[in-house]
Structures are given as C-alpha cells and as structure tokens.
Amino acid sequence: GLQGVRGGFLRTGAAWDRFPTRRWLPRRAAALATLPATLLADSTHQAAYRVITWRELNKNLFTALWVQKLVLTIVLAVVVGIAAFNIVSTLIMIVLEKKKEIAILKSMGATNGDVRSVFLTVGTVIGVVGLTIGLGLGYAISALLRAYAWPLDPKVYMIDHLPVDIRAIDYILCASIAFVICLVATLIPSWRASKMHPVEGLHYE
C-alpha cells in the first residue's frame, strides 16, 4: 500500500523495495509506474500527494549543468580554432622556408597537384599525430577518473561518486571532426605552395 513520499516520488512497500535508493532514475520511475492507476486517480490522495520528476525536483542543479556544458562547448570551440590556426601558420612558414625546394621541384616537372599533395600530406601527418596524442591522454584521464570514483555529496548531487561513461562513439566522433578540421586547415597553405612560380623561388638564389 501507499507508505509516503521520498525524493519527490510516491513510494510503495512492495514495488519500491525492489529498487535501492542509489540506483538510477529510470528504475525509480519504473517503481512509480507499478502503482495502480486507480490509486493515483483517487481523490482522497490528490490533496496530500504530488508527483514530480527528478528534473523538476533538482531544477537548479540541471540549470547549472546546462550552463557548464555551454561554457565548455565555447571553450573547446576556441581551443579547436586556435589549433587549426596553428596548423595553418606552421604550414605557411614551411612554404616560405621551402621556396627554393618548391621552385626546383616545379622546374623539374612537378605539377601543381604534386606540390599540393606534399603539403596536404604534411598537414595530415601533423593532425594524425596530435589526434593520437589527444585521444590517448583523454582516454587515460577518463579511465583514471572511473577507477578513482571521485566522491560526491549524495545530499547535493543524488549520487555518491562522479559517473564516467567511456563510449567508443564519442571518441570516433571527436576524432572524425578533428581530422576534418586539420585537413581543411591545410588547404590554404597547400594551395599557396602549388601556385608559386619557379622564378619567384629562385629569384634571389
């Protein structure tokens, strides 16, 4: 029968006891779903009991998490943009330093596409090396956090430790986006190198 309200949910003896208080929200919702419809519709309980979701009960916490996620997204976007500009500037410096070599290659019959492919390969290698290091560090930190089980105050966060969920799809998605950004960042330097005239590279030699 109906025993009381705990954590914002209606609680029954038989149904609720099957779900310990530290398990996740979907199982608590399942316990609520086992209540007879006639009991919830009974007018004698409408004034004494009110059913609210966990999100409504912790509205301030979810708002703070949403703001935190927005700020982290902006910060990560800025970091990725800076990394892309670093790749562009590095390759442009290589083009300026290798004017003579590019001119020699072109004078020996190398086409614009050949020169462009060289710098695209260089940019791709830089991106793959950075991507590998970043994914490795990210996985190592996530694994350490999951093994350490960072403690939290259950009275505030409703859970006793920081949950860490390592999913392969997240790594694949991040790697794909980063690789595409690195590839796009190499287009401007490679195009500039391919358009260089041999006379320009050998003018002061």
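These are legends for several close-up views of a predicted model.

Some ground rules come before the pictures. Residues count from 1 along each chain as its sequence is written, and side-chain values use heavy atoms, leaving out hydrogens and water. Because the model is predicted, local features need pLDDT of at least 70 and side-chain atom pairs count only at pLDDT 80 or more, while totals for chains, interfaces and linings use all residues.

**View 1. The whole fold, from strands to helices.** The protein has 12 helices and two strands. Both element types are DSSP runs numbered from the N terminus: helices are H or I with at least four residues, strands are E with at least two. Reading along the sequence gives β-β-α-α-α-α-α-α-α-α-α-α-α-α. Of the 205 residues, 20% are buried; here buried means under 20% relative accessible area, exposed means over 50%, and partly exposed is in between, with a 1.4 Å probe and protein chains only. Take the contacts in the protein with a separation of 6 or more: 65% of them join residues 24 or more positions apart. A contact means heavy atoms within 4.5 Å.

**View 2. Helix α6 meets helix α8.** Residues 59-97 form α6 and residues 112-148 form α8; the two pack at about 140°, with axes 11 Å apart. That angle makes α6 oblique to α8. Axes are lines fitted to C-alpha atoms, for helices over the stretch in contact, and angles run from 0 to 180 degrees between N-to-C directions. As for the labels, angles under 35 degrees are roughly parallel, over 145 roughly antiparallel, 65 to 115 roughly perpendicular, and the rest oblique. On the α6 side look for Ile87, Leu91, Ile94 and Val95, which meet Phe119, Val122, Gly123 and Ile126 of α8. By class, this contact has seven nonpolar residues, one polar and no charged. In this scheme Ala, Val, Leu, Ile, Met, Phe, Trp, Tyr, Cys and Pro are nonpolar, Asp, Glu, Lys and Arg are charged, and the others, Gly among them, are polar. The crossing of α6 and α8 is right-handed, the term for a near helix turned clockwise from the far one by less than a right angle (anticlockwise would be left-handed).

**View 3. Helix α8 alongside helix α10.** Here α8 packs with α10 (residues 168-185) at about 155°, and their axes are 10 Å apart. So α8 is roughly antiparallel to α10. The α8 side of the contact includes Thr124, Gly127, Val128 and Leu131, while the α10 side includes Tyr171, Ala175, Phe179 and Cys182. Sorting this contact by class gives 10 nonpolar, four polar and no charged residues. α8 passes α10 in a right-handed crossing.

**View 4. Helix α6 with helix α11.** These two pack at about 15°, with axes 8 Å apart. That makes α6 roughly parallel to α11. Val88, Leu91, Ile92, Val95 and Leu96 of α6 meet Pro189, Arg192 and Ala193 of α11. The class tally for this contact is seven nonpolar, no polar and one charged. The crossing of α6 and α11 is right-handed.

**View 5. Ser194, tucked into its surroundings at 0% relative accessibility.** Ser194 lies in α11, which spans residues 187-194, and counts as buried. Setting aside neighbours within four places in sequence, Ser194 is in contact with Lys106, Asn112, Val115 and Arg116.

**View 6. Ala149 and Pro154, after helix α8.** Ala149 sits in the loop between α8 and α9. Though not a glycine, Ala149 has a positive phi of about 55°. Ala149 is partly exposed at 31% relative accessibility. Pro154 is in α9 (residues 154-157) and is also partly exposed, with a relative accessible area of 37%. Beyond its neighbours within four places in sequence, Pro154 is in contact with Ile159 and Asp160.

**View 7. Val80 and the cysteines.** Val80, in α6, is partly exposed with a relative accessible area of 36%. The C-alpha atoms of Val80 and Ile181 are separated by 8.4 Å, although the residues are 101 apart along the chain. Turning to the cysteines, Cys174 is partly exposed at 49% relative accessible area, whereas Cys182 is buried at 13%. A search of the whole structure finds zero disulfides, a disulfide being a pair of cysteine sulfur atoms within 2.5 Å.
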